[in-house]
Amino acid sequence: MAHRRRVGVGRAGPKYTKKAEEMKAVSLSSAMETVEKLEVKLADFAKKHKKEIQHDPAFRKKFLEMCAPLGVDPLSSEKGFWGNMLGIGEFYYELAVKVAEVCMASKSRNGGIISVSEVRSILMKRGTKFRFAESRNKSNYSKEDIITAVGKLSKLGGGFRTMEVGNSVMIVSVPTELDNDHMEVMKIAQDSDGQYLTGISGRVSADDVRRVTGWNNERTKRALDLLLTKGMAWLDLHDGE
């Protein structure tokens, strides 16, 4: 009796594996070729719009967003193609130094927490001029530029980072880790729009925190104590209270 010969998986497997590897190699090669073409187009775009990238904060922000998906970082070095052509790495380095100076100078006043808006206001009042500033326009850097500059500082350590508190973006220049409770207390204290009815913006009491959050005494005290011990908040005794 004749038996029909069956094709075994083990016999066909190596052929399929080899074909899959070939297809994978072709796909990878095609993807790399596509990325290379996009990088060339990105470089051409940068050359064409060099002035706008250097002088227009909004345009610069959009350009950096275009770079990110391709893994291109014009800020990584002052040398090389991107550094020589645009020089924005040097601009952000200069801005980062100035931001750090403002943070350090104001730490005794704010405990190492300051808004991006205030930092920009201080730099503008000083008339701080950077590499790409035109003589008639010293303020051609935005809040987003400052946030990007702080990102460069954060890579160096020292606790520099940005975080959102309510409707504001704050720069933190202390290594202390803040949890959600600490952030909530600062949000209540800020209360710039009167949402929590705490009175003067920048001040908060334990009663305010308990009323707004519904926390118990222990949780409220823990959140406030860390801010006090780290110098991020001060105890204001009024009439012995």
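Where in the structure do E65 and K62 both lie, and how many residues apart are they? Let's start there. They both sit in helix α3, three residues apart, which is about one turn of the helix. One thing to keep in mind as I talk: this is a predicted model.

So, a bit of background on helices. An α-helix has 3.6 residues a turn, so residues three or four places apart point the same way. And side chains of opposite charge can pair when their charged atoms come close. Back to our two residues. E65 and K62 form a salt bridge, with their closest N and O atoms 3.9 Å apart. K62 is exposed, at a relative accessible area of 53%, and E65 is partly exposed, at 40%. There's a third partner here too: K61 joins K62 and E65 in a network of salt bridges.

How many salt bridges does the structure hold? Nine. Let me show you another one that involves helix α3, because R60 in α3 (residues 57-67) pairs with D145 in helix α7 (residues 143-154). Those two are 85 residues apart, so this pair links distant parts of the chain. Their closest N and O atoms are 2.6 Å apart. Are these residues buried or exposed? R60 is buried, with a relative accessible area of 0%, and D145 is buried as well, at 2%.

Okay, next up is helix α10. It runs over residues 217-229, so that's 13 residues, and at 1.5 Å a residue it should span 18 Å. The C-alpha atoms at its ends are in fact 18 Å apart in the model, so that agrees.

Which residues of α10 are buried? T220, A223, L224 and L227. They cover an arc of only 90° around the axis, so they sit on the same side of the helix. Now turn to the face pointing away from that buried side: there you find the exposed residues N217, E218, K221 and T229. As for what covers the buried residues, that includes α8 (180-190) and α9 (206-213).

K221 has a salt bridge of its own, by the way. Its side chain meets that of D225, at 2.6 Å from N to O. The two are four residues apart in α10, so about one helical turn separates them. K221 is exposed at 52%, while D225 counts as partly exposed at 29%.

Have a look at the two ends of this helix as well. At the start of α10, a side-chain oxygen of N216 comes to within 3.3 Å of the backbone nitrogen of E218. After the helix comes G231, whose phi is positive, near 75°.

Last topic: the nonpolar cores. In soluble globular proteins, nonpolar side chains tend to be buried together. Here, the largest nonpolar core has 32 residues, and F63, W82, L95, V99 and I171 touch the most other members. Several helices give two or more residues to this core, among them α1 (9-48), α3 and α7. Which element gives the most? That's α5, with nine residues.

Pick out W82 if you have the structure up. Leaving aside residues up to four places away in sequence, W82 touches L42, A43, A46, F63, V72, P74 and G87. There's also a second, separate core of 16 residues, and it includes M183, W215, A223 and L224. You've met A223 and L224 already, on the buried side of α10.

Conventions
Residues are numbered from 1 along each chain as its sequence is written. This is a predicted model: local features need pLDDT of at least 70, side-chain atom pairs count only at pLDDT 80 or more; totals for chains, interfaces and linings use all residues. Side-chain values use heavy atoms; hydrogens and water are left out. The expected span of a helix is 1.5 Å times one less than its number of residues. Buried means under 20% relative accessible area, exposed over 50%, partly exposed in between (1.4 Å probe, protein chains only). The arc is that of the directions from the helix axis to the C-beta atoms. Contact means heavy atoms within 4.5 Å. A polar contact is a pair of N or O atoms within 3.5 Å; within protein, one must be able to donate a hydrogen and the other to accept it, and residues adjacent in sequence count only if both atoms are side-chain atoms. A salt bridge is a side-chain nitrogen of Lys or Arg within 4 Å of a carboxyl oxygen of Asp or Glu. A nonpolar core is a set of buried Ala, Val, Leu, Ile, Met, Phe, Trp, Tyr and Cys residues joined through side-chain atoms within 4.5 Å.
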